[in-house]
Amino acid sequence: MSLPSTRKTLFGGDYNPEQWPEEVRAQDYKLFDAARIDTVTLGVFAWAQTQPAPDVLDFSVLDRIVEQATAQGRSICLATGTGAQPPWLARRFPEVTRTDFEGRRHRYGQRHNSCPSSPVFRRFSAEMAGRIAERYADNPAVIAWHIGNEYGGACYCELCAAGFRDWLRARYVTLDALNSAWYTTFWSHTFHDWDEIEPPSALTEHWRGPDHTAFQGITLDYLRFMSDAMLADFLDEKAAIRRHSPDTPVTTNFMGMYRPIDYHRWAPHLDFASWDNYPPEGAHPAWSALAHDLMRGLKGGEPFWLMEQTPSTTACRDFNPLKRPGVMGLWSWQAIAHGADAALFFQMRASRGACEKYHGAVIGHSGRDDTRVFQEVARLGAELEQLGSAALGARTPARVALLFDWDSWWALEISDGPSRLVRYQQVVLGYYRALWEAGVDVDVVPVTADLTGYQVVVAPALHMLKDDLAQRLEAVARRGGSVLATYLSGRVDENDNAFLMDVPGPLGPLMGVRIDEWDARGPEFVNRVRLRAGADDANPLTVESRLLFELVIPQGAETVGVYQDDFYADTPAVTRNAFGAGHGWYVAAGLDQAGVDWVVRQVLAAHDIASRHPDLPALETTLRVAPDGTRLLFLLNHGDDPIEVPATTAGVDLLTADRFEPGRPITLAPCGVRVLREDG
Ligand code: GLA
Ligand code: ZN
């Protein structure tokens, strides 16, 4: 099963009319009409209302809300409501609350607050999911089920400890295997009884927080276990839904690059992916692009839903800037350009009280339709009506893959040494950004993905190498492709134990290098790297590198860039190794963005992967190809100045009906968007 089938790219968002008197709702739907809002997500936090006591159900409010949305002709994404537990559940069954990293058993409060291993929580939440499905499955307006909300966090209670031990028994079967995987001879940790194993927390293996552990193997497995434990909760609810609703697709809202949950392990169990886009303050536009591509990669390139974004401002940060005029529209189109078939907001009407009363909403407290935000939402609604079904199901024909791996992320960031300053997301983002600036479509895929269709595979900070990945990367190069890897790759096996061979481990033959030493320095230390385009060293470019410097001893690779400073000046920092009909590129240092850009463009050039408009860093371009073969080229201006670019093919702008011809200029105002349907 895949996405809900719909008439057009969906538009709407989280709607919580249970917070408001009835009269307000009629006003809401008038405004929804004005903004062409066609989809509402209902019931995300409705549990305490639908089940006021363990044996009392009261669907009167939710019934009315669903009836009204149906009568108003909206599509409904209906939530199971289990992302926040009702107070009676915690009071009656204290086991449903979480125990935190410091070992404190929480009392009732907050949301996303249930112990994933609690049998009581699992029973009550699955029952609620089943009841919702039973009650509303026959309503054709319900096009998708939304389980829970933003799964995440962690629990360290006794039930989780027991669940962890069961998970470990299933994984290792014997304590000998576990002791060997966790390297427990170190610091006298040999376990002789499964019950001796404790969750890794501030009370056990950790100091200075969740990233500082004495035993990486234990902490890594707990991260995997916690992700699986929450997945089990999701699967309980999904099974309960399926008993009543065999055909309506199920999702849960992910959070893009969210470290605690391995979305690749979850992805096969979702019918379609969806996610909430709240970029960090000041993030480069490539940050969201990367997250969109990661989400698209979860289901093998199928479109996803943008389940949430704020129309204007968040509320939970220390300061919450407005999205400047045009930015909400631009970012919505960016999601669609990267594969979204729905653009939804959090939220439709602002809460009156509690911690999100100042969070942006399509409709504010005054209920006006003449605010800037409402007007921009309405404009986007009109544009999406114009787009209609054109982008539905359209896929991105990428020739470049970027590997994203939660295990490598975890292993890298819970490691003692070489550097706490090297952050996985930053390294990945640097390489992704270089591709983004080159205007190249990228699939962001798990390490288990089929790589046979790609000419270039970029593997930043691939710290952990599992299974046959090294061979599959070699196969890419052998048939003429390029593999680009970086420092701190190929270091550990699936248990986070070092390979007993030269660094970069099983990547050594492909990269044609050997690394015996590495230097990690503070953020202020710079080692310049001289990059050269050809063997004659014509047009060298000198860039800076920081944080991590591996000392490379070539084993067949040619030197492409050399360190300029310190005792390893004149030794290789970037190399290229001929392998089969292709190449393995190795970047041994934390190059600055200019350096990463340069290397990435060398690799792309070798495959004639043309940058669409290479020298316009504010211009984003992506291509989506619809199921009928129609090609949609998206152009987005993220800069403060207008952009003019020559059209590369003939076609029509779906939003303005402007014709364009090859070579003729296309103009984009700041925040401007063009959706060009190329002539077939
Ligand atoms: C998350 C949640 C929503 C809301 C928004 C606010 O994405 O899913 O319920 O709290 O954040 O930004
Ligand atoms: Zn627990």
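In this predicted model, the largest pocket is the space taken by ligand 1. The residues that surround ligand 1 are Phe45, Arg111, Asn149, Glu150, Asn253, Asp276, Tyr278, Glu308, Phe346, Glu356 and His359. By type, this shell divides into five charged, three polar and three nonpolar residues.

Several charged side chains of the shell make polar contacts with the ligand. Glu356 places a polar side-chain atom 2.4 Å from an oxygen atom of ligand 1. For Glu150, the distance from a polar side-chain atom to an oxygen atom of ligand 1 is 2.6 Å. In the side chain of Arg111, an N or O atom is 2.9 Å from an oxygen atom of ligand 1. Ligand 1 on its own has 310 Å² of accessible area, and the protein covers 94% of that area.

The other site to follow is that of the zinc ion. Ligand 2, the zinc ion, has as its protein donors the SG atoms of Cys115, Cys155, Cys157 and Cys160. These donors lie 2.2 to 2.3 Å from the zinc ion. Along the sequence, the spacing of the donor residues is C-x39-C-x1-C-x2-C.

Why is the arrangement around the zinc ion (ligand 2) tetrahedral? The four donor atoms subtend angles of 100 to 118° at the zinc ion, and the arrangement is therefore tetrahedral. The cut-off behind this assignment is that all angles lie between 85 and 135 degrees. For four tetrahedral donors, the ideal angle at a metal is 109.5 degrees.

Definitions and conventions
Residues are numbered from 1 along each chain as its sequence is written. Chains are lettered from A and ligands numbered from 1 in the order in which they are written. This is a predicted model: local features need pLDDT of at least 70, side-chain atom pairs count only at pLDDT 80 or more; totals for chains, interfaces and linings use all residues. Side-chain values use heavy atoms; hydrogens and water are left out. A residue is near a molecule or strand if one of its heavy atoms lies within 4 Å of it. A polar contact is a pair of N or O atoms within 3.5 Å; within protein, one must be able to donate a hydrogen and the other to accept it, and residues adjacent in sequence count only if both atoms are side-chain atoms. Accessible areas come from the Shrake-Rupley method with a 1.4 Å probe; for residues, only the protein chains shown count as cover. On a 1 Å grid over the protein atoms alone, a cavity is a set of points where a 1.4 Å probe fits but cannot get out, and a pocket is an open set with protein on both sides within 12 Å along at least five of seven lines; lining residues have an atom within 4 Å of a point. A molecule sits in a cavity or pocket if more than half of its atoms lie within 2 Å of its grid points. Ala, Val, Leu, Ile, Met, Phe, Trp, Tyr, Cys and Pro count as nonpolar, Asp, Glu, Lys and Arg as charged, and the others, Gly among them, as polar. Donors are N, O and S atoms within 2.8 Å of the metal (3.2 Å for Na, K and Ca); water is not among the atoms, so sites may look incomplete. Four donors count as tetrahedral if all angles lie between 85 and 135 degrees; four count as square planar and six as octahedral if opposite donors are over 155 degrees apart and all others between 65 and 115; anything else is irregular.
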